[in-house]
Amino acid sequence: MRWTALRKGIGPALAATTGKGAAVPADSPLLRALDGLERLKGLDLAARPVRRAVRNLPLGRFRDVLHGLPLGHPLHPLLVQAPIGAWLSAGLLDAVPGTRRGARVLVGAGVLAAVPAALAGWVDWAEQQPRQARTGLAHALTVNVATGLYATSWLQRGRGHTARGKALGWAGLGVVAVGGLLGGHLAYRQAAGTNKTEPVPHLLADRWYDLGRVEDFPVGQAVRRELGEVPVLVVRRSGGRIHVLADRCSHQSGPLSEGKITDGCVECPWHGSVFRLADGANVRGPATAPQPSFEVDVQADGAVRVRLPEA
Ligand code: FES
């Protein structure tokens, strides 16, 4: 009987991997709900003023640190490990007799650690596309509720109401799990925070591509060209050097060829990331990954060829 139930449970999963029998439904009610959330345009009304407020925070260059620019990937997923770890550990201690004090310390430490994690998350969220921002808003609200439950749990424990404190902590853990689900959907299904230029080397062959002639590229102007499936930005500097970068911004695929060219850099027109033309380095966020930068070969007859070294 048990074996039959087990077979029914894993059957569809096996079918999906072997290609035999019924397929796993790709539109479970949970997935439909998550996908529906990102289409709720009404959330934009609430999101707009919050986004403006987050963008206006006087964070200076610290904003780039919160985005994760020095790390090369978003900082938020790293910071959330601390509160989640503390709260999960507190939940385990709550099930062990004689660990009241340790559990309270962990609950409080989690609340404190949630503050920088939330700040990094809000800063990233303020630069997301509308559909991502709707899921992100639900994720942030859920985690805020969880933090509130844990803060109340810490207070209740301090007043000697241990049973109430434990109940609030476990409720907080449940809400954190929902927040994690929304965060996972945002990061992996909606690709918020991923490097959008990662596929570029895989779409090109390891060879030289013809780009045109020197005179096709007016000095100081951004020109867009295509190498097979890969759009590139071409800029000829006043000294005659030609720089070529992948055109789609590593942050959210904004078209760099429509951006501003100043001081040897290009500024993305969507959220203002700045990339150095000479090597594609991202000198300002929110982008945390550089732009693929091409080798350029100008031949004696004025023909321009490019290749991507790591293609
Ligand atoms: S797409 Fe966001 S900075 Fe370029």
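**Helix packing and pockets**

Trainee: Which residues in H6 meet H7, and which residues in H7 are on the other side of that contact?

Mentor: In this predicted model, H6 brings Ala82, Pro83, Ala86, Trp87, Ser89, Ala90 and Leu93 to the contact, and these meet Gly102, Ala103, Leu106, Val107, Gly110, Val111, Ala113 and Ala114 in H7.

Trainee: What does the contact of H6 with H7 look like by class?

Mentor: The contact has 12 nonpolar and 3 polar residues, with no charged residues.

Trainee: And at what angle do the axes of H6 and H7 cross?

Mentor: They cross at roughly 160°, and the axes come within 8 Å. Since angles over 145 degrees count as roughly antiparallel, H6 and H7 are therefore roughly antiparallel to each other. The crossing of the two helices is left-handed.

Trainee: How do H8 and H9 pack, then?

Mentor: The axes of H8 and H9 are 8 Å apart, and the angle between them is about 165°, which means that H8 is roughly antiparallel to H9. H8 also passes H9 in a left-handed crossing. As for the residues in the contact of H8 with H9, 14 are nonpolar, 14 are polar and 3 are charged.

Trainee: I've been looking at leucine 168; where is its place, and what does it touch?

Mentor: Leucine 168 has its place in helix H9. Leaving aside residues up to four places away in sequence, leucine 168 touches Leu149, Thr152, Ser153 and Gln156.

Trainee: How far apart are leucine 168 and arginine 157?

Mentor: In sequence they are 11 residues apart, while in space the C-alpha to C-alpha distance is 9.9 Å.

Trainee: Changing topic to pockets: what volume does the largest pocket have, and which residues lie nearest its centre?

Mentor: The volume of the largest pocket is about 1000 Å³. Its lining is made up of 46 residues, and those nearest the centre are His76, Pro77, Val80, Gly121 and His139.

Trainee: Which elements give two or more residues to that lining?

Mentor: They are helix H5 (76-79), helix H6 (81-93), helix H7 (100-125), helix H8 (130-158) and helix H9 (162-189). The largest share of the lining comes from H7, with 9 residues.

Trainee: How many of the lining residues of the largest pocket are charged?

Mentor: There is 1 charged residue in the lining, alongside 23 nonpolar and 22 polar residues.

Trainee: What about the second largest pocket, how much space lies in it and what lines it?

Mentor: About 160 Å³ of space lies in the second largest pocket. Its lining consists of Arg55, Gly60, Arg61, Arg63, Asp64, His67, Glu127, His271, Gly272, Arg284, Gly285 and Pro286, and by class these divide into 6 charged, 5 polar and 1 nonpolar. Helix H4 (residues 62-67) gives the largest share of that lining, 3 residues.

Trainee: Gly285 and Pro286 are both in that lining, so to speak of the backbone, is the peptide bond from glycine 285 to proline 286 cis or trans?

Mentor: The bond is cis, with omega near 15°. Proline 286 lies in the loop between strand E8 (282-284) and strand E9 (295-298). For background, most peptide bonds are trans, and most residues other than glycine have a negative phi.

Trainee: What is the phi of alanine 191, and where is its place?

Mentor: Alanine 191 has a positive phi of about 55°, although the residue is not a glycine. Its place is in the loop between H9 and helix H10 (200-203).

Note on methods:
Residues are numbered from 1 along each chain as its sequence is written. This is a predicted model: local features need pLDDT of at least 70, side-chain atom pairs count only at pLDDT 80 or more; totals for chains, interfaces and linings use all residues. Side-chain values use heavy atoms; hydrogens and water are left out. On a 1 Å grid over the protein atoms alone, a cavity is a set of points where a 1.4 Å probe fits but cannot get out, and a pocket is an open set with protein on both sides within 12 Å along at least five of seven lines; lining residues have an atom within 4 Å of a point. Grid points are joined across faces, edges and corners, and a volume is the space filled by probe spheres set on the points. Helices (H or I, at least four residues) and strands (E, at least two) are DSSP runs, numbered from the N terminus. Ala, Val, Leu, Ile, Met, Phe, Trp, Tyr, Cys and Pro count as nonpolar, Asp, Glu, Lys and Arg as charged, and the others, Gly among them, as polar. Axes are lines fitted to C-alpha atoms, for helices over the stretch in contact, and angles run from 0 to 180 degrees between N-to-C directions. Angles under 35 degrees count as roughly parallel, over 145 as roughly antiparallel, 65 to 115 as roughly perpendicular and the rest as oblique. A crossing is left-handed if the near helix is turned anticlockwise from the far one by less than a right angle, and right-handed if clockwise. Contact means heavy atoms within 4.5 Å.
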